[in-house]
Amino acid sequence: MKLIFATNNKHKLEEVTKIINKRFKIVSLKDIECFEDIPETQNTIEGNASQKSHYIYKKYKMNCFADDTGLEIDALNGEPGVYSARYAGEDCSFEDNVKKVLKKLEGTKNRNAQFKTVISLIINGKEHQFEGIIKGKILNKKKGNLGFGYDPIFQPENYKKTFAELPSEIKNKISHRGIATKKLADFLKSF
């Protein structure tokens with residue numbers, strides 16, 4: 001069975017394909033020649049994931065799933081949250097976002113945070129959501145050069161290294177996206 005993953009991110013596609021049952025052929029937006037920007041106008045991570053999967057399902061009439069992820073920092077009342085990718089502005093870089101977080105947390109003792117991913121699956125016309133959360137803390141400075149985004153400043157609970165220092169095999173097992181994808185994979189076993 002073919003399943004569209006509403007992404008063109010090669011790393012996400014590889015990560016998810018490794019976890020999902022081999023009975024499903026995972027294809028990207030590029031594979032179905034979808035090159036338009038998919039709307040993400042909701043004010044929650046769940047809402048954005050749902051909006052993206054519904055957009056693809058309605059347009060292509062194919063089973064699909066989409067994800068959305070956010071970094072939620074306690075001392076910043078859950079920011080950057082749904083705005084994680086563009087926290088420092090519309091055309092910002094990962095580096096700009098990291099700098100903004102570190103600046104806002106200067107002098108703050110509570111550095112607790114969590115990464116949250118929500119996957120919205122639409123299969124046979126019905127939506128199902130799967131959530132993955134990993135708790136940790138934000139460091140005072142960047143460490144490591146693996147990964148992307150906020151990985152160099154996020155240290156998961158029970159680990160002495162940041163996501164940017166952990167090998168991808170470990171990160172993918174414990175990460176928010178890995179947890180949500182495993183739940184998705186378990187659900188798909190019934191199809």
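Okay, let's start with the pockets: the largest one has a volume of about 940 Å³. Keep in mind that this is a predicted model.

So who sits around that space? The lining has 36 residues, and the ones closest to the pocket centre are K12, E40, K52, D68 and A85. If you want to find your way around by secondary structure, look at α2 (45–60), β3 (64–73), α3 (94–104) and α5, the elements that each give two or more residues to this lining. Which element gives the largest share? That's β3, with 5 residues. On chemistry, the lining of the largest pocket splits into 13 nonpolar, 11 polar and 12 charged residues.

Now the second largest pocket, which holds about 540 Å³ of space. Here 22 residues do the lining, and H11, E15, S168, E169 and N172 are the closest to the centre. The elements with two or more residues in this one are α1, α4 (168–174) and α5. α1 gives the most, with 6 residues. By class, we get 7 nonpolar, 6 polar and 9 charged residues in the lining of this second pocket.

You'll have noticed α5 in both lists: it gives two or more residues to the lining of the largest pocket, and it does that for the second largest as well. Let's look at how α5 sits against α1.

Helix α1 covers residues 10–19 and helix α5 covers 176–188; their axes come within 9 Å and cross at roughly 40°. That angle is why we call α1 and α5 oblique to each other. And the hand of the crossing? Left or right? For α1 and α5, it's right-handed. On the α1 side, the contact is made by K12, E15, V16 and I19, and on the α5 side by R177, G178, T181, K182 and A185. In class terms, that contact has 3 nonpolar, 2 polar and 4 charged residues.

Two of those contact residues should sound familiar. K12, on the α1 side of the helix contact, is also among the residues closest to the centre of the largest pocket. E15, again from α1 in that contact, is among the closest to the centre of the second largest pocket.

Last bit, some backbone details to check on your screens. The peptide bond going from E79 to P80 is cis, with omega near -5°. P80 itself is in strand β4, residues 80–81. Then there's N124: its phi is near 55°, a positive value in a residue that isn't glycine. Where does N124 sit? It's in the loop between β5 (112–123) and β6 (126–138).

That's my tour, over to you.

How values were computed:
Residues numbered from 1 in each chain as written. Predicted model: local features only at pLDDT ≥ 70, side-chain atom pairs only at ≥ 80, totals over all residues. Heavy atoms only, no water. Axes fitted to C-alpha atoms, helices over the stretch in contact; angles between N-to-C directions. Helix = DSSP H or I, 4+ residues; strand = E, 2+ residues; numbered from the N terminus. Parallel < 35°, antiparallel > 145°, perpendicular 65-115°, else oblique. Left-handed = near helix turned anticlockwise from the far one by under 90°. Contact = heavy atoms within 4.5 Å. Nonpolar A, V, L, I, M, F, W, Y, C, P; charged D, E, K, R; others polar. 1 Å grid on protein atoms, 1.4 Å probe; cavity = no way out; pocket = protein on both sides within 12 Å on 5 of 7 lines; lining within 4 Å. Points joined across faces, edges and corners; volume = space filled by probe spheres on them.
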